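Please open the model in your viewer and keep the selection tool at hand. The tour moves from one selection to the next and says what to look for at each stop.

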Amino acid sequence: MRRFGRTLVTAALAVAVVGGTAGWASGESQSAVTGPPPGTAAWRADTAYGRALPDPATATPHEVARFFAGLDDAARSALVRNHPLVVGNLDGAPVPLRYEANRLAVVATGEARYASLSAPGRRILAFDPRGRGQVAEVFGDLEHAAHVSVIVPGSDNDATSHDARRAPHTGPAGMARALRTATETPAAGGSVATGSVAGGSVAGGSVAGGSVAVIAWTGYTTPVGVGLDAADGRLAAAGAPRLARFTAGLDAVGAPDPVLFCHSYGSVVCGLAARHTDAADIVALGSPGMRADTADDLRTGARVWAGRGPSDWIADVPNVSFAGIGHGADPTSAAFGARRVPAADVRGHAGYFTPGTQSLAAFAAIAKGEAR
């Protein structure tokens, strides 16, 4: 009887989530973009010096990397010209080829909403115009970076809004720029801020230790608004394999094991992908839950961190999971077991990368491998 009572309470909370008393009130239902990139059929029908091209749907990123390693510059350039959307999204392909392929792919759309992505100096590592559009952009030198971080954003992000005008230090590109700047800028006194949780701390240290590349990855279909898509795991379940494959692609080209910074609904994606990535650290910020009861349940070798600001509305979302609704335990709770990121001075739901905050200083330390 007691168990039945708890079930009724959980059900009521789940209904509250959908009904909006916790802030999830409205939003459009989205169709997840999945599968290999546009142009795959033509790619499969082509060859390079008589050799079959790796199937984007089945070849592993390491197989892709080995394939490209066996081609000369002329063959590589031909594939970029003839199949930009495939090469640009092919995890394991050489990074410079992907940049050039995506520049060509963006221009080929002829759509003004994407035009800025082809501007000189942009390093677009992935671009898919299907649906609302998906994009990944690199800030820094990915080929020579000693450390790599990946920003995994939440709702209302796509290829159009990726770098749209909005409050500074928010949105995927804004967060990535802020983090990279923070890794290059000494904190007051030449050290980073300190914060801790049982078993983990963000220790003081200098900015020495190698370059950091930061990737803003909007590589999945995000929820729009705060409706049912944001309350269930359907879009996260579709995005998790894409994130896992993306990180495998980084490994295939020799990049360091990444740090995943997972904001809001992006932390649901990271939670589902965790066991399938080689991430060094996974940081959940402003998280509604990671579809796990504890950090151990993520079944990852990565260190798991979590932080939430005092005025973040996500705290009002019930941490329940019932009939597929809700994302489970609060990652900042002691019972979850994540290392705590200091966030006492963070304002709102999107302020975690604001310069001068404890959270950004902590993120920079984690990104540089200085946190323990």
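**A tour starting from Leu-125**

Select Leu-125 to begin: beyond its neighbours within four places in sequence, Leu-125 is in contact (heavy atoms within 4.5 Å) with Gly-88, Val-95, Arg-98, Tyr-99, Asn-102, Ala-136, Glu-137, Val-138, Leu-142, Ile-215, Phe-246 and Leu-250. This is a predicted model, in which local features need pLDDT of at least 70 and side-chain atom pairs count only at pLDDT 80 or more, while totals for chains, interfaces and linings use all residues. Residues are numbered from 1 along each chain as its sequence is written, and side-chain values use heavy atoms, with hydrogens and water left out.

Next, select residues 124-128, which make up strand 3 (strands are DSSP runs of E, at least two residues, and helices runs of H or I, at least four, both numbered from the N terminus); five of its five residues are buried, that is, under 20% relative accessible area with a 1.4 Å probe and protein chains only. Add residues 134-139, strand 4, which pairs with strand 3 in the antiparallel sense over four bridges, where pairing needs at least two DSSP bridges. Phe-127 stands opposite Val-135, and in the turn of this hairpin Gly-131 has a positive phi of about 60°.

Now show the largest nonpolar core, a set of 43 residues; such a core joins buried Ala, Val, Leu, Ile, Met, Phe, Trp, Tyr and Cys residues through side-chain atoms within 4.5 Å. Among those with the most contacts inside this core are Leu-125, Leu-142 and Phe-336, and helix 9, residues 234-252, gives the most to the core, with six residues.

Finally, select Gly-254, which follows helix 9 and has a positive phi, near 85°.

Key: Buried < 20%, exposed > 50% of the residue type's maximum accessible area, 1.4 Å probe, protein only.
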